[in-house]
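This report goes through one protein structure, from the chain as a whole to a small group of charged side chains. Please keep the sequence and the model in view while reading.

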Amino acid sequence: MNPRIILASSALCVLSAQAQNLIVNGDFEAGNTGFSNDYLYSPADMEPAGVYCITNDPGLVHGAWTSFGDHTTGAGLMLVANGDAEPTNVVWRQTVNVSANTAYLFSGWAASAHSFSPGRFFLFVNGDQQGSAVALPGETGLWQNYSVVWSSGASVSALLEIRMLTTEGYGNDFVLDDLSFRRLTDAAPPPALSIQRAAAGDAVELNWPSVTNQLYQVQWAGTL
């Protein structure tokens, strides 16, 4: 018999459906505005390293990049960058106001524009690295979600940054879309999370009763 484990409800964080996205222009539909970075805005020439632009198709701005749509609708805008060789240069940066002693979810979507040397990057809040490196797949145009939970402590503002880890001169090209920074709330009690072994292999299945238009964040620890 396969074991079935019921964990305490604290294994789930609930992100209120009404929680406001504190990031301005996180889907880039307003164009090149609302954020800053250390890259050069260069829509007419995306060949050099360390440049970026806002486009609806990476294949339109660089001959070696794959054509694909944005994450939001498939027809909107996204940030596409030619990875810089300097890892300290920030790809995207924005400061938001936060409440003290509150947990927030920093998340977004990214994809590789070129299959050679897929990009890897870090998320930073107030100068501190959050979580481990995000490694993009080698398959181009495959959108991947990434997220970290950050606790504000005594801070009343958060400097959000995305920095590249890979520094190869060829490849290392990527796109970003649908960036968000939302307050986690305990207004609704987290549901019970059940974990059971999958039918084959070492995989497990996570299940919980969900509510329409409610977002959830799974958290875990190595030991009980």
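## Burial and surface

Of the 224 residues in the protein, 43% are buried. The model is a predicted one. The protein exposes about 11100 Å², and carbon and sulfur atoms supply 51% of that area.

One nonpolar patch on the surface covers about 220 Å² and is made by Val-204, Leu-206 and Val-218. Val-204 is found in strand S14, which spans residues 204-207.

## Strands and contacts

The protein has 15 strands and zero helices. Among contacts with a separation of 6 or more, 73% are between residues 24 or more positions apart.

## Salt bridges

How many salt bridges does a search of the whole structure find? The search finds three.

In one of them, the side chains of Asp-38 and Arg-93 meet, with a distance of 3.1 Å from N to O. This pair links distant parts of the chain, as the two residues are 55 residues apart. Asp-38 sits in the loop between strand S2 (12-15) and strand S3 (40-41), while Arg-93 belongs to strand S6 (residues 90-97).

Arg-93 also meets the side chain of Glu-161 in a salt bridge, at 3.4 Å from N to O. Glu-161 lies in strand S11 (residues 157-164) and Arg-93 in strand S6, so this pair ties together parts that are 68 residues apart in sequence. Glu-161 forms a salt bridge with Arg-163 as well, and the closest N and O atoms of that pair are 2.6 Å apart.

Through shared partners, these salt bridges join Asp-38, Arg-93, Glu-161 and Arg-163 into one network.

## Burial within the network

Which of Asp-38, Arg-93 and Glu-161 are buried, and which are partly exposed? A residue is buried when its relative accessible area is under 20%, and exposed when that area is over 50%; partly exposed lies in between.

Asp-38 has 37% relative accessibility and therefore counts as partly exposed. Arg-93, at 19% relative accessibility, falls under the 20% cut-off, so Arg-93 counts as buried. Glu-161 is buried too, because its relative accessible area is 5%. The salt bridge between Glu-161 and Arg-93 thus has a buried residue on each side, whereas the salt bridge between Asp-38 and Arg-93 pairs a partly exposed residue with a buried one.

Definitions and conventions
Residues numbered from 1 in each chain as written. Predicted model: local features only at pLDDT ≥ 70, side-chain atom pairs only at ≥ 80, totals over all residues. Heavy atoms only, no water. Helix = DSSP H or I, 4+ residues; strand = E, 2+ residues; numbered from the N terminus. Buried < 20%, exposed > 50% of the residue type's maximum accessible area, 1.4 Å probe, protein only. Contact = heavy atoms within 4.5 Å. Areas by Shrake-Rupley, 256 points an atom, 1.4 Å probe, with all protein chains shown as cover. Patch = residues over 30% accessible without salt bridge, like charges linked within 9 Å, V, L, I, M, F, W, Y side chains within 5 Å. Salt bridge = Lys/Arg side-chain N within 4 Å of Asp/Glu carboxyl O.
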